[in-house]
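Here is a short briefing to read alongside the model on your screen. Have a look at the coordinates first, then work through the notes below.

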Protein chains: 2
Amino acid sequence: MKLSQSLEDYLEMVHILHLNGGIARVKDISTALGVKMPSVAKAVIELKKLDLVTQKPYGEVELTTKGRRTATEIFGRHLLLKGFLIRLGVSKPTADNDACLMEHILSAESLSRIEAFMKTRRKVKKVQK
Amino acid sequence: MKLSQSLEDYLEMVHILHLNGGIARVKDISTALGVKMPSVAKAVIELKKLDLVTQKPYGEVELTTKGRRTATEIFGRHLLLKGFLIRLGVSKPTADNDACLMEHILSAESLSRIEAFMKTRRKVKKVQK
DNA sequence: CCTATTTATTAGCCTTTGCTAACTTTAATA
DNA sequence: TATTAAAGTTAGCAAAGGCTAATAAATAGG
């Protein structure tokens, strides 16, 4: 079950809004992603079909267990890539933005190499301290 | 004048086919990118509108000066990203593939940081020899 | 409690980018 | 040279993903 880039973004944002201690209404998602509400409504319909979120009519969007698992994976990639770019010297806002674009396209192999790179560098830093 | 991802791919492939010492017929581009000929035909129409390529009816596709400049930029990003991934330990085929996806989305800032990283590493290597 | 504002939904449109099918032109070869 | 094969084009369809406009439901303030 392969999610499209945009569905991954919507799902991830529901997760992030929850992590930030809030709820994920259509309006919240719309604002956070910079799209209009009908676009969110359409995406939510798709995510419901895929059993990734639930939503009572006119209610907030919640993650299913499967949805939470998937969102966590995507968000993990996001954090990895953002940290990686920051380590290369990219500014935080740009790193965040570029990570958001990269997280949907990179192969498992590249991600795992980046992960290994991050670990190496972290170790070196610790030793140097 | 911002090109879409797919138009960038088509333009870049024309350039690569030329670099490889061949010509870029619709069929060649189609084979190289793994799409059908009508998709190429449609893209070529768009690239012609943008003054990036020329093509006589039923003839081969050629780059304008502007097209060559643009294609060179895109291909440069491709080579940079591919080399970068390879340096991280990614296999060549995957690096090529992922570079092809990244080359369209990364910000100028991230690209320039990656470029700086590559230079640093190269210097270190030279010194070590 | 009722009206006004905000939020959610639905319908329908547009663009991008791919496809197939059908047709035309060019090239190859018997 | 006539016929077939290959390449190019055109028309039209489909999916993804955004939008606006209009409608419906929910909420907040008076």
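In this predicted model, chain A superposes on chain B with an RMSD of 0.1 Å after a rotation of 180 degrees and a shift of 0.0 Å along the rotation axis. That is the relation of a two-fold axis. The C-alpha of A:M102 is the one in chain A nearest the axis, at 3.5 Å from it.

**How the copies meet**
- Of the interface residues of chain A, 100% are also interface residues in chain B, so the two copies meet through the same surface.

**The surface near DNA strand C**
- There are 21 residues around DNA strand C, and A:R25, A:K27, A:P38, B:S4 and B:P38 come nearest.
- Chain A supplies at least two residues of this surface from each of α2 (26-33) and α3 (37-49), and chain B does so from each of α1 (5-19) and α3 (37-49).
- By class, the surface near DNA strand C has 12 nonpolar, five polar and four charged residues.

**Helix packing in chain B**
- Helix α2(B), residues 26-33, packs with α3(B) at an angle of about 115 degrees, and their axes are 9 Å apart.
- That angle makes α2(B) roughly perpendicular to α3(B), because 65 to 115 degrees counts as such.
- The crossing of α2(B) past α3(B) is right-handed.
- On the α2(B) side the contact is made by B:V26, B:K27, B:I29 and B:S30, and on the α3(B) side by B:M37, B:V40, B:A41 and B:V44.
- This contact of α2(B) with α3(B) has six nonpolar residues, one polar and one charged.

Definitions and conventions
Residues are numbered from 1 along each chain as its sequence is written. Chains are lettered from A and ligands numbered from 1 in the order in which they are written. This is a predicted model: local features need pLDDT of at least 70, side-chain atom pairs count only at pLDDT 80 or more; totals for chains, interfaces and linings use all residues. A residue is near a molecule or strand if its C-beta atom, placed from the backbone, lies within 6 Å of it. Helices (H or I, at least four residues) and strands (E, at least two) are DSSP runs, numbered from the N terminus. Ala, Val, Leu, Ile, Met, Phe, Trp, Tyr, Cys and Pro count as nonpolar, Asp, Glu, Lys and Arg as charged, and the others, Gly among them, as polar. Axes are lines fitted to C-alpha atoms, for helices over the stretch in contact, and angles run from 0 to 180 degrees between N-to-C directions. Angles under 35 degrees count as roughly parallel, over 145 as roughly antiparallel, 65 to 115 as roughly perpendicular and the rest as oblique. A crossing is left-handed if the near helix is turned anticlockwise from the far one by less than a right angle, and right-handed if clockwise. Two residues are in contact if their C-beta atoms, placed from the backbone, lie within 7 Å. Copies are superposed by least squares on the C-alpha atoms of residues with pLDDT of at least 70 in both.
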